[in-house]
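Okay, everyone, thanks for coming. I'll put the structure up and then walk you through a few places in it.

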Amino acid sequence: MPPIPTWRLRAAFARRLSDMYGTEVPAYTTLLEVAGQINDEVARRDPDAGRLGSIDRVTAERHGAIRVGTPAELRQAAQVFAALGMHPVGFYDLRDGDIGAVPVVSTAFRPTDATELDRNPFRVFTSLLTTGDRRFFDADLEARLTAFLARRRLFPPELLRLAERAERDAGLSEADAERFLVLAVGAFTLSTEPVDRAWYAELERISAVAADIGGVTRTHVNHLTPRVLDIDALYRRMGERGITMIDRIQGPPRWGGPDVLLRQTSFRALAEPRTFREPDGRLTRGSLRVRFGEVEARGIALTPAGRARYDALMAQPEPQAADRGQALCARWEREFPRTERQLAVDGLAFFAYHPVADRPRDGHRPPADLAGLLADGWLTATPLVYEDFLPRSAAGIFHSNLTGDGTRDPRRAGTPFDAHRLAAALDRPVLDPFALYAAQQDDSLRRALTTLRADAALHALDTPAGHRPTRT
């Protein structure tokens, strides 16, 4: 029989992980139910609901989050995700800023090819504990934490061998695929092993995230996230179902223009029963609040120029008006383009361009500027979905679900960490999300202009991302 291909492994893993998490966190099942109802309602009333992905894709879409403690654990996680056609994209540093103490750096494992994303865009936001950062951990605690992490094994050798084979062969036999999925889901299932109460509490004083990573003997899914087409409606409806949500939706406001980047919210972390080992060796029952259910609404990917515009808007002081949402909406109405076409023409967002095959012949040649090509009906522009994450929003979600602010010594310098260092830890390149979107856009524009035989435009036109399309 032919092997089970990579994308089917990825889709099966996402489904099984979602089923497992729903069993462990029942409120997540409620979240899925409400998101599904809203997606169906939006699809029925809005003929343009599939502009940022078909309803089948949106319904199946998930992202998860895990946390690991060492570069070795991160490399092994990367091997498991590579078996699923998921690559590290983007670098996120959550240690800085004023939104709590979160001593981690992160990347997101996801598909990068447009066809693979359409088949199943499963993503896993993966955070690495920065044990050497002296703002959080002194030398003694770092040494003890390093020793604790060195004693544990997150991924069984059989799983890693199967993952290597799946990456090499772009799939697995049916029997091996089943074994791989069982082991992979098992690796991210919440452990029932007792938690050392004193050790966990010591780390929790630094950061609840540090305790969730280094205070237990296994990793686990920290949250799982469906995609919804109307996140504001979901936020209201979850409250009506008796689920306590965090205080706001993170990311851009709801406004009258195009949806861009990413909006996220979650229900608050629930107290989950756990077994603890006390200092005298006794086993007792208690609870921890570390896991939650998140939901997201995805918009258009912005270019570096568009992202700078967005960051400048989000850096402005919070409105003091009684209706914060209305004040933010008014700000965006003043300072951000209100149409997709203007985003394209101004070079602020990424699009896939397609030739208009049935354009009436009028004897004119295609113009050599994007505005003219769009206005005169030579090209159509389909927005590229933002497939990545926002550090400020991620930190906001983390902080909203922490048990406390933790501690961080601002007098000390942080450990330098960037995408290059993360790539060295992974022993794999960390891909630049802007470059991925630009390549997809440039390829579509080159193909469209070639189809139109717009040679002059092909040579003269710089794409909005600042990349000139090249001929093959």
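Let's start at a loop. D427 sits in the stretch between α17 (419-426) and α18 (433-451). Keep in mind as we go that this is a predicted model. The backbone at D427 is a bit unusual: phi is near 60°, a positive value in a residue other than glycine. For context, most residues other than glycine have a negative phi. And is D427 buried or exposed? Exposed, with a relative accessible area of 66%.

There's another one like that to show you. A170 has phi near 55°, again positive in a residue that isn't glycine. You'll find A170 in the loop between α7 (157-169) and β6 (171-172). A170 is partly exposed, at a relative accessible area of 46%.

Okay, zooming out to the whole thing. The protein has 19 helices and 14 strands. How does its radius of gyration sit against the globule rule? The radius is 23 Å, close to the 23 Å that the rule gives for 472 residues, so the protein is as compact as a globular protein of that length. If you prefer box dimensions, the C-alpha trace spans about 90 × 65 × 45 Å along its principal axes. Of the 472 residues, 54% count as buried. And on the contacts: taking those between residues at least 6 apart in sequence, 74% join residues at least 24 apart.

Now the inside. In soluble globular proteins, nonpolar side chains tend to be buried together. Here, the largest nonpolar core has 68 residues. Which residues have the most contacts inside that core? They are F13, F81, F155, F180, L234 and F267. Let me pick out F81. Leaving aside residues up to four places away in sequence, F81 touches I66, M86, F109, V124, T126 and F188. Apart from that core lies another, of 66 residues, with Y200, L203, F350 and L449 among them.

While we're around there in the numbering, look at G85. G85 is in the loop between α4 (71-82) and β3 (87-93). At 16% relative accessibility, G85 counts as buried, because the cut-off is under 20%. Not counting residues up to four places away in sequence, its contacts are T6, R10, R110 and P111. Also, G85 and A166 are 81 residues apart along the chain, but their C-alpha atoms are separated by 9.2 Å.

A similar kind of pair involves A60, in helix α3 (residues 55-60). The C-alpha atoms of A60 and A297 are separated by 13 Å, with their positions 237 residues apart along the chain. A60 itself is partly exposed, at a relative accessible area of 39%.

Last stop, a helix pair. How do α12 and α13 meet? The axes of α12 (residues 304-315) and α13 (residues 324-335) come within 11 Å and cross at roughly 145°. That crossing is right-handed. On the α12 side you've got R309, Y310, L313 and M314, and they meet R331, W332 and E335 in α13. By type, the residues of that contact divide into four nonpolar, no polar and three charged.

That's my tour; happy to go back to any of those spots.

Key. Residues are numbered from 1 along each chain as its sequence is written. This is a predicted model: local features need pLDDT of at least 70, side-chain atom pairs count only at pLDDT 80 or more; totals for chains, interfaces and linings use all residues. Side-chain values use heavy atoms; hydrogens and water are left out. A nonpolar core is a set of buried Ala, Val, Leu, Ile, Met, Phe, Trp, Tyr and Cys residues joined through side-chain atoms within 4.5 Å. Buried means under 20% relative accessible area, exposed over 50%, partly exposed in between (1.4 Å probe, protein chains only). Contact means heavy atoms within 4.5 Å. Axes are lines fitted to C-alpha atoms, for helices over the stretch in contact, and angles run from 0 to 180 degrees between N-to-C directions. Helices (H or I, at least four residues) and strands (E, at least two) are DSSP runs, numbered from the N terminus. A crossing is left-handed if the near helix is turned anticlockwise from the far one by less than a right angle, and right-handed if clockwise. Ala, Val, Leu, Ile, Met, Phe, Trp, Tyr, Cys and Pro count as nonpolar, Asp, Glu, Lys and Arg as charged, and the others, Gly among them, as polar. The radius of gyration is taken over C-alpha atoms; the globule rule is 2.2 Å times the number of residues to the power 0.38.
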